[in-house]
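Trainee: I am new to this structure. Please take one part and go through it closely with me.

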Amino acid sequence: MSVRVAGVGDPLVRAAEGSRLRRGIGRVARRDRFALVAALVLLAAVLVALLAPWLPLLDPDTVDTPNRLRPPLTPGHRLGTDEFGRDLLARLVWGARVSLLAGVATAAAAMVIGVMLGILGGFYTGWVETVVMRLTDILMAFPYILLAIAIVAGLGPGLRNAMIAIAIVGFPIYTRLVRGVVLSLREREFVEAARALGATDPLILGRHILPHLLSPVIVAFSLDVGAKILATAGLSFLGLGTQPPTADWGSMLATGRQFVVLSPHVVLLPGLAIFVIVLALNLVGDALRDLLDPRTHPR
Amino acid sequence: MRRYVVRRLLLLVPVLLGVSVIIFMVLHLAPGDPAEIMLGSQATQADLERLRAELGLTEPLYVQYVHWLGLVARGDLGRSIWMKRPVLAEVLGRFKATLVLTGAALVLSTVGGLALGIVSAIRPNSPLDRLSAMASLFGASMPVFWLGIVLMVIFALWLGWLPASGMFAPYGGGTVMDLLAHLALPAFTLAAASITIIARLTRSTMLETLGQDYIRTARAKGVVERAVVLRHGLKNALIPIVTVVGVQAGYLLGGAVLTETVFAWPGVGTLMVQGILARDFPLVQGCVLVVALSFVVINLIVDLLYAWLDPRIRYE
């Protein structure tokens, strides 16, 4: 005989939550026009990045020195060219692929590691908890970007290593967040009831604890992608991330710096691209938090 | 209070050991022989042997770690391969410049953040409050190195009001005014995001405090509004603000790396980046160690200050 305890995954509960979510989305969309615009901007950026190979763009790596540092609106180069005469629009679009992918992938890696460790640290007391929490304490004893730089120093400069470093540095935030939630859930009646009915640990974790973690983790992730894009761009700016000729927005900014007086667009455009995308991510993240976190609902 | 201080100091031991392990491992993260990585493919066998012996690379890893920790405890961080000088003296010399920059940014962000936050709290939803809310969103989304370059272009290159880079003018520099002029752009760049964070927190805690009964009582007694806001309001709102200022101090110390690179500020950050690109591991380890230790000390001071301000924490 199977015994079921009313949990988050039950159809009735799910239906109720579904309609709450729909009402919530409607409310946020009405109240927060900015978030809606931001979501559209993000969608457009992702589409353009994904479709880059099929878009009518010039080759981002073709050097054309006679046409170097052309200003925006030059015929044939809508956003101008860089110090090697390469088309800036093409480089920005191809750079978007690298920057967006790096942001999403590092945030996702940090999230997966962080959530797993957070569940372990919150659910199992004793040495597991001690090890997990001391590890996060130690990682958080470093300034964020400094530790990432130190890890890249060890692994060697390059986009892959920069992404590994940022993911390592980023997971403790998720671990702390998730552990806090799991600690409070562990003592709740529905977990106790499930345990009394003979549910195993994996079943309790999967059916009763994991669903509760979804909304705080989604919110943290949506805000984290922007931070990770900034961090990867920062490492690339220092020369520790993407290596030439591949471009991401951070390395475009770094190489354009020397020409900023005569041709400010080579620095302004990639910086603006980072700024707009991260701003959009933050707006969407804030809106998601308003939507998913009952404490911030307007009464 | 004394028991709290002792407990807090004891908690430092595992953290410091962990930090030391991570910094030590920096040298051994990459696959392959660290001596070959540092000296490159052009190195002779004799050079490699000498570096291996100097760094003790022939020993097992844990022996190397204990040996290294012993040296570090005695203040010996090894010799820089690139500069051929002792690391500690080099790093400490540069660290002063980083402290000047971080300190200036911290003062700027605390004073600016408190002022902006208090004004926003006194007049919520005023144009200034909305502007500050927008600035905080922008501050969190703007790459600090980009902001630095934009400010440099506007104020140094176009308007010519401030010097573009460095800490002192190459000729006739060295005065306090010279330092302040060079400090203005990097300090503001570094502080920008923190100002908005401190302002938002000050606003929300002040709004909460200004809604309390004792504030109404003070007003009813006829206390001047300025005293109500500053003495009764701000003083009670300070505890969370102190914490966030402490957190920002650590953040500024780490964020200084990027700002220093933009403005060619001669601090630990620029030294570390140069060290990484030159594959000079002892130098990089020294830089990370000094900054991480200061970060740990700042966190300690913030915790102690917090416990001193709020007695409830000590008795937990």
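Trainee: How many helices and how many strands are there in chain B? After that, which helix of chain A gives the most to the side of chain A that touches chain B? Please look closely at that helix and what goes with it.

Mentor: This is a predicted model, where local features need pLDDT of at least 70 and side-chain atom pairs count only at pLDDT 80 or more, while totals for chains, interfaces and linings use all residues. Residues are numbered from 1 along each chain as its sequence is written, chains are lettered from A, and ligands are numbered from 1, in the order in which they are written.

Chain B has 13 helices and zero strands. Helices (H or I, at least four residues) and strands (E, at least two) are DSSP runs, numbered from the N terminus. Along its principal axes, the C-alpha trace of chain B spans about 85 × 55 × 35 Å. Chain B has 316 residues, and 38% of them are buried. Here, buried takes 20 or more other C-beta atoms within 10 Å of a residue's own, exposed takes 12 or fewer, and partly exposed is in between, with C-beta atoms placed from the backbone.

Now the meeting of the chains. In all, 36 residues of chain A are in contact with 39 residues of chain B. Contact means that the C-beta atoms of two residues, placed from the backbone, lie within 7 Å. On chain A, helix 4 (127-140), helix 5 (144-155), helix 8 (201-237) and helix 10 (265-292) each supply at least two residues of that side. Helix 5 gives the most, with nine residues. By class, this side of chain A has 26 nonpolar, seven polar and three charged residues. Nonpolar covers Ala, Val, Leu, Ile, Met, Phe, Trp, Tyr, Cys and Pro; charged covers Asp, Glu, Lys and Arg; the others, Gly among them, are polar.

So to helix 5 of chain A itself. Helix 5 has 12 residues and reaches 17 Å from its first C-alpha to its last, close to the 16 Å expected at 1.5 Å a residue. The expected span is 1.5 Å times one less than the number of residues. Helix 5 is mostly covered, with 11 of its 12 residues buried. Among them are A:Tyr144, A:Ile145, A:Leu147, A:Ile149, A:Val152 and A:Gly154. Just after the helix, A:Gly156 takes a positive phi of about 100°.

Set helix 8 of chain A beside that. Helix 8 has 37 residues, but its end C-alpha atoms are only 46 Å apart. A straight helix would reach 54 Å at 1.5 Å a residue. Helix 8 bends by about 45° at A:Leu210, and A:Pro211, a proline, follows within four residues. The bend is the angle between axes fitted to the seven residues ending at a residue and the seven starting there. After helix 8 comes A:Gly239, with a positive phi near 90°.

The loop that follows is worth a stop. A:Pro245 lies in the loop between helix 8 and helix 9 (249-256) of chain A. A cis peptide bond, with omega about 5°, joins A:Pro244 and A:Pro245. Most peptide bonds are trans, and most residues other than glycine have a negative phi.

One more backbone detail on chain A. A:Leu69 is not a glycine, yet its phi is positive, about 55°. A:Leu69 lies in the loop between helix 2 (33-51) and helix 3 (88-123). A:Leu69 counts as partly exposed because it has 17 C-beta neighbours inside 10 Å.
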